Every structure is written in structure tokens, then in C-alpha cells.
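Work through the exercises below with the sequence and coordinates open. Each task is followed by a stepwise solution.

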Amino acid sequence: MNKDDIITLAERYINDSPNNYITEENAIHPRYKGMQIYEAPIFAFGSADDELYIKYKSHEIIGSHFLCPAEWLPNANTVISFFLPYTGAIKAANSIDCRWPADEWLHGRYEGQNLLKQLLEYLEKILTEAGFKSLAPSNDRRFKMGNAEENVEYTSNWSERHIAYACGLGTFGLSKGIITKKGMAGRLGSVLTELDLPKNSRDYSDIYEYCTMCGLCIERCPAYAISIEEGKKSMLCSNFLDIVREQHRPRFGCGKCQVSVPCESRIPMGLSF
């Protein structure tokens, strides 16, 4: 099994999965029946021994609770990181109202997350059946948010954003999302595997290299959680998401900082590589 096999199988899975389309039963409104959630994923392949993972244990980045690839899977060779872009319909809908998330975005965040977990399980399965132990940390029972000892609430012991950066998938934006060649409006996932695959180069040196610091995400944020000086304040963002969750349970989300901005669907103009 090679990189092309993995990418092709993942693309086919997303395209063919009935869960990539909103069912009548799950639709918030009948007009959303059949709405597609994700476009085809994009991938990057990194080394499980990347020195960045040790640096992530620093309190200034994530914290000591972050687990390196080998702590999840002892003989891991490759970290597979991918980005699932939302469809244009979901992004366009969430661009209209600057205050509340669109129903389409709520579907993408909730039903889309369920499909993301299923894709992770599928990739684990096909790699393991090919003879290579594999594991998706965010699906593992050991995955957890925060660390009370370090008083860190809004980080996890496996950060998909930091993994994407390490693998060469993209850099951070001011809103703390990852800007990929397909933008940042979507979801990230990753799998560890013993399969030794050729690694992508990390074609950037700065964590914000793909961000122009234009500040449009600041204007888009209904929680006033983003600023040029301090970036994104996770507590303000989380408090707003709690309000949305109360109104739309079990769905939640916002994503206003990811749409109607230059990095919505691409690396901003003038920064393409």
C-alpha cells in the first residue's frame, strides 16, 4: 500500500458514503435533505520522529500532556494528516449572517464530525488489514482535552492542527485554524501507522506563514474573541459555542472566522506556493 492508494481509498470513501449527504431524518429543515458536507480530502504525510513533537510538550505550545506519536503507537513510522474541505454550499450559507451560524454549518460540524470519525476508523482498518498497525489518536480512549495540573483547558493530548502543521499540510492563521491549499473551512484528522511512507516536505518556516494578518476574521467573529495583538481567546470562543449548543443541541459550531475571508478556500492571494 502506498500514498496514492490511501488517498484514492479515502476520496472514494468520502464520495460514496451516504453519511456525506444529509438525510431527511437528520435534516434541520427539509430543504437540507441531500446536501453534501465534504469535498475530497487533501493529505500530507509526516515522520513520526519529527522533532516538533517534542517541542509541542512545551507549556508555551501545548504542554506536557501532549503525547508524541510513539506514545500512542510505539512503532509508528508515518503520521498521516488530512483536511476535509466543506462544500461551497456550506461555506456560502455561513457567510450570510455575521451573528449566528447557518444551519448548513451546524450540519457540517455535527454530522460532518461523525463522518470524519468514520473515515478515521476506515483508514485504521485498511492499514491494519494490510499488515501495518495503525491508530487514530482522536478516536482512541486515551484522547482527552485539557490538563488540570498545567491549568490548560483548551488544548488536547493530540492536536490535529499542530499535527497538520508538522506534516506540511498548512500553517496557522490568526484565528488559530490551519490554512491549507484548500483553505481552512473544514475539518482535520490524522492516523498513525507503522507503514513507512515517503514524507512531505514542510514548505514553510513560520507558524503564520500563510496568514496575511488582514484582520477580516476579527470582524467576522461574533464572540469578539480574535485580535491582532492576542490572536484568538479560546474562552470567549468556547462561551459562544456553549450558547449555540444550548439553542441547537446536539449540534453546535460557528465557523464565522473561516468564511468570507481570503483563506476560506485557498492560501491567500500573493502567498500561493
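**Exercise 1: Ser134**

The side chain of Ser134 reaches the backbone oxygen of Phe132 at 3.0 Å. Such a polar contact is a pair of N or O atoms within 3.5 Å; within protein, one must be able to donate a hydrogen and the other to accept it, and residues adjacent in sequence count only if both atoms are side-chain atoms. The model is predicted: local features need pLDDT of at least 70, side-chain atom pairs count only at pLDDT 80 or more, and totals for chains, interfaces and linings use all residues. Residues are numbered from 1 along each chain as its sequence is written, and side-chain values use heavy atoms, with hydrogens and water left out.

Task: determine with which side chain Ser134 makes a polar contact, and decide whether Ser134 counts as buried or exposed.

Solution.
1. Locate the residue: Ser134 belongs to strand S3. Helices (H or I, at least four residues) and strands (E, at least two) are DSSP runs, numbered from the N terminus.
2. Find the partner: the side chain of Thr193 lies 2.9 Å from that of Ser134, a polar contact.
3. Check the strand register: Thr193, in S8, stands opposite Ser134.
4. List contacts (heavy atoms within 4.5 Å). Beyond its neighbours within four places in sequence, Ser134 touches several residues, including Leu73, Glu124 and Val191.
5. Classify: Ser134 is buried because its relative accessibility is 10%. Buried means under 20% relative accessible area, exposed over 50%, and partly exposed in between (1.4 Å probe, protein chains only).

**Exercise 2: The sheet and its helices**

Task: give the strand order of the open sheet and state which strands are at its edges.

Solution.
1. Collect pairs, where two strands pair if DSSP finds at least two bridges between them. Strand S2 (residues 78–85) and S8 are antiparallel over eight bridges, with Phe82 opposite Gly189 in S8. S3 and S8 run antiparallel and are joined by two bridges.
2. Assemble: the order is S1-S2-S8-S3, four strands with antiparallel pairing.
3. Mark the edges: strand S1 (42–47) and S3 each pair on one side only.
4. Add the helices. Helix H1 (residues 3–16) packs on the sheet and touches S1 and S2, its direction making about 140° with that of S1. Helix H5 (residues 103–129) also packs there, touching S1, S2, S3 and S8, at about 20° to the direction of S8. Axes are lines fitted to C-alpha atoms, for helices over the stretch in contact, and angles run from 0 to 180 degrees between N-to-C directions.
5. Check burial: seven of the eight residues of S8 (residues 186–193) are buried.

**Exercise 3: Unusual backbone geometry**

Task: find which residues have a positive phi although they are not glycine, and which two residues a cis peptide bond joins.

Solution.
1. Recall the background: most residues other than glycine have a negative phi, and most peptide bonds are trans.
2. Scan phi. Lys176 has a positive phi of about 75°, in the loop between strand S6 (171–172) and strand S7 (178–179). Met213 has a positive phi of about 55°, in the loop between S8 and helix H7 (216–220).
3. Classify exposure: Lys176 is partly exposed because its relative accessibility is 32%, and Met213 is partly exposed at 33%.
4. Scan omega: the bond between Arg249 and Pro250 is cis, with omega about 10°. Pro250 lies in the segment after helix H8 (234–248).
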